[in-house]
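Biologist: I am new to this structure. Please take a close look at the question of sulfur bonds, then carry on to whatever else can be described in detail.

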Amino acid sequence: MLVGFRDVRLTGLLFSVLSDYSVDPFAKKEWYDVKAPSMFEKRNIGKTAVTRTQGTKIASDGLKGRVFDVSLADLQGGEEVAFRKFKLLAEDIRGRNVLTNFHGMGMTTDKLRSLVKKWQTMIEAFVDVKTTDEYTLRLFCIGFTRRQPNQLKKTSYAQSSQVRNIRRKMTEIMTKEVQSSDLKEVVSKLIPDTFGREIEKACQSIYPLHDVYVRKVKVLKRPKFDVGKLMELHGEGSGASGEAGASVERDSYEPPVQENV
């Protein structure tokens, strides 16, 4: 047995492990700006990191498909709409900008829990609708019966027939509003929640409602990816400027036909 003998292979393995741990993982990262579509007031919603391009592994491929969950208060401003959350899907990379598209909407758990109370009826409905630009959406609606101003009765329960009629009205209004619009118009309606006000107004004759919201939207199916439509959604496409081209006047002079060339 040799005294002081060291295994060269074990020493090399230990050195490689220690050298791997000493490298900062963020030294290999690149930062990109995440851009929201033009429907929102605040376009720059943050930054995201990705490992820089190495060999056949491209950085942009690691960014596409990421889903960002953003509060509407960060997109529009105002704490009164902070309970509404939008999901944005990264679809394309332009320079250091990540261009996103609408991927879904939801509400915070504390807001939903605060709506549910005693002595009232909760009514829910959902419907699958296709937009004019071939997006298939599933919308979930929620509403609650309202107590009358001079009501003496403690409870405000709706009958089962009234619940069915209200649910039918909910699906009809959501279908009508989405079928006649493209995705950009649907998102523009979801931001101020015009669906809830329309449903509340239409159901007034059946049973008065309050706290009517579209609580969730899912994108079930989306059309084939089109860069031009995404750029128009971000206000950078050919149709975004809205300026028509200037007409060019041409003279009617035509040169005479030559007999010999």
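**Two cysteines, a helix and a pocket**

Modeller: In this predicted model, the sulfur of Cys-203 has its closest cysteine sulfur in Cys-141, 8.4 Å away, which is too far for a bond. A disulfide would need the two sulfur atoms within 2.5 Å. A search of the whole structure accordingly gives 0 disulfides, and Cys-141 is in none, the nearest cysteine sulfur being that of Cys-203. Both side chains are shut away from the surface: Cys-141 is buried, at 1% relative accessible area, and Cys-203 is buried as well, at 0%.

Burial also describes helix α5, residues 160-179. Its 20 residues should span 28 Å at 1.5 Å a residue, and its end C-alpha atoms are 28 Å apart, so the two values agree. The buried residues of α5 are Gln-162, Val-163, Ile-166, Met-170, Ile-173, Met-174, Glu-177 and Val-178. They cover an arc of only 120° around the axis, and therefore lie on the same side of α5. An α-helix has 3.6 residues a turn, so residues three or four places apart point the same way. On the other side of α5, Ser-160 and Lys-176 are exposed.

Last comes open space. The second largest pocket has a volume of about 220 Å³. Of its 15 lining residues, Lys-87, Met-105, Gly-106, Lys-216 and Val-217 are the closest to its centre. The elements that give two or more residues to this lining are β4 (84-94), β5 (97-107) and β8 (209-221). By class, the lining holds 6 nonpolar, 3 polar and 6 charged residues.

Definitions and conventions: Residues numbered from 1 in each chain as written. Predicted model: local features only at pLDDT ≥ 70, side-chain atom pairs only at ≥ 80, totals over all residues. Heavy atoms only, no water. Buried < 20%, exposed > 50% of the residue type's maximum accessible area, 1.4 Å probe, protein only. 1 Å grid on protein atoms, 1.4 Å probe; cavity = no way out; pocket = protein on both sides within 12 Å on 5 of 7 lines; lining within 4 Å. Points joined across faces, edges and corners; volume = space filled by probe spheres on them. Helix = DSSP H or I, 4+ residues; strand = E, 2+ residues; numbered from the N terminus. Nonpolar A, V, L, I, M, F, W, Y, C, P; charged D, E, K, R; others polar. Expected span 1.5 Å × (residues − 1). Arc of directions from axis to C-beta.
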